[in-house]
Amino acid sequence: HQPCPPSSRQEKEKLRDIELPIIDLLGERSEVSKLIVKASENFGFFKVINHGVPEHVIKVMEDESYRFFSKPASEKQRAGPANPYGYGCKNIGFNGDYGEVEYLLFHTNPLSISQTSKTISNDPTLFRCAVNGYVEAVRELACEILELMAEGLRVPDTSVLSNFLKDYDSDSLLRLNHYPPLPPLQLLQLLNTSPNQPPSRIGFGEHTDPQILTILRSNDVAGLQISPQEGLWVPVSPHPSTAFCVNVGDALQALTNGRFLSVRHRAMVNSCRTRMSMAYFGAPAPNARIACPPELLSPQIPYLYRPFTWDEYKKATYSRKLGDTRLHFFRVQSDLSE
Ligand SMILES: C=C1C[C@]23C[C@@]1(O)CC[C@H]2[C@@]12CC[C@H](O)[C@@](C)(C(=O)O1)[C@H]2[C@@H]3C(=O)O
Ligand SMILES: O=C(O)CCC(=O)C(=O)O
Ligand SMILES: [Fe+2]
């Protein structure tokens, strides 16, 4: 590794990591559900420990992922381009978004995993099993969290949110991200142009996740930043290493009538070390109707978003740039100047 360049004290102050709530899922159930609701309302992000996802399931997925990204570029290209599934390098989506990242994107349907794995590995069975095992385990975790959320929100049908992910036609995705460090020459150039600032490049540009819930796992290399208010970026520490980072997606913000926040975030490239992350995006089936349960509404709290299908929302997302806000187009009395 190259030594990390020094940064000024002032910069360090500004970049102090945010301590997201760390929620122990083995705690007392009603207490855990309250903490999850509070974190989803205040930050839209939190971490979970004692999550029940077996360490070996995570390790097998991480190892397979690492093995793939270590291959020569020409071999990786054989699994691409991501249209939308498969290998992508630097190009994110189809609308000209670009970042210092390479990735593998999967639909989590077992048949689709099997198809995509064939283009990825000389041993597709191993890769397919790693992805299937990981997806199953994180889906279970996501469903458990969604049930705790529904309990905390006092919605009578506590499976109203998790059922979206349990649907056979659920449109959930898995994304494996790989952010290589800055090449030495670029690092030197950046240090020369702004010596008092830690060199930073965008790996994955700012955005909100369109789905219901994201379950993110990363190695111990920092890079994730969240934006609690416009223009402010706060790094999220990658610790504890056993935790999963969970965030509310746009669909859940709509399902909770704006009570839970889908917060903008981005990933920066570390100047010295490789960041790896694995994001499971729990999504509804294409024809599922996204509408806030009536129990969360009252004459004082009317519908904020008109009901829409996931297919409708996905089309709106994919026709736009990564950083575009899309949920406000679905607001009742939408104020497009917002
Ligand atoms: C530029 C794009 C990539 C993206 C689809 C989009 O048109 C806008 C949203 C992007 C995003 C962000 C979160 C997830 O990583 C993702 C898989 C998703 O569902 O929405 C990506 C999409 C993508 O990479 O295809
Ligand atoms: O790599 C990360 O930490 C974040 C990635 C992310 O936000 C995404 O894939 O949607
Ligand atoms: Fe994201």
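I looked up the second largest cavity in this predicted model. A254, N257, I290, A291, C292, Y305, R306 and F308 line this cavity (a set of points on a 1 Å grid over the protein atoms alone where a 1.4 Å probe fits but cannot get out; lining residues have an atom within 4 Å of a point). Its volume is about 30 Å³, taken as the space filled by probe spheres set on the points, which are joined across faces, edges and corners.

I noted the conventions. Residues are numbered from 1 along each chain as its sequence is written, and chains are lettered from A and ligands numbered from 1 in the order in which they are written. Local features need pLDDT of at least 70, side-chain atom pairs count only at pLDDT 80 or more, and totals for chains, interfaces and linings use all residues, while side-chain values use heavy atoms, with hydrogens and water left out.

Next I checked T256. T256 is buried (under 20% relative accessible area, 1.4 Å probe, protein chains only), at 2%. Beyond neighbours within four places in sequence, T256 contacts L153, C292 and L296 (heavy atoms within 4.5 Å).

Then I turned to the iron ion (ligand 3). Its protein donors (N, O and S atoms within 2.8 Å of the metal) are H207 (NE2), D209 (OD) and H265 (NE2), at 2.1 to 2.2 Å. Water is not among the atoms, so the site may look incomplete. I read the donor spacing as H-x1-D-x55-H. Both H207 and H265 are buried.

Last, I went to the largest cavity. I found a volume of about 150 Å³. Its lining has 15 residues, with K47, S218, S237, P238 and C245 nearest the centre.

Definitions and conventions
Buried means under 20% relative accessible area, exposed over 50%, partly exposed in between (1.4 Å probe, protein chains only). Donors are N, O and S atoms within 2.8 Å of the metal (3.2 Å for Na, K and Ca); water is not among the atoms, so sites may look incomplete. On a 1 Å grid over the protein atoms alone, a cavity is a set of points where a 1.4 Å probe fits but cannot get out, and a pocket is an open set with protein on both sides within 12 Å along at least five of seven lines; lining residues have an atom within 4 Å of a point.
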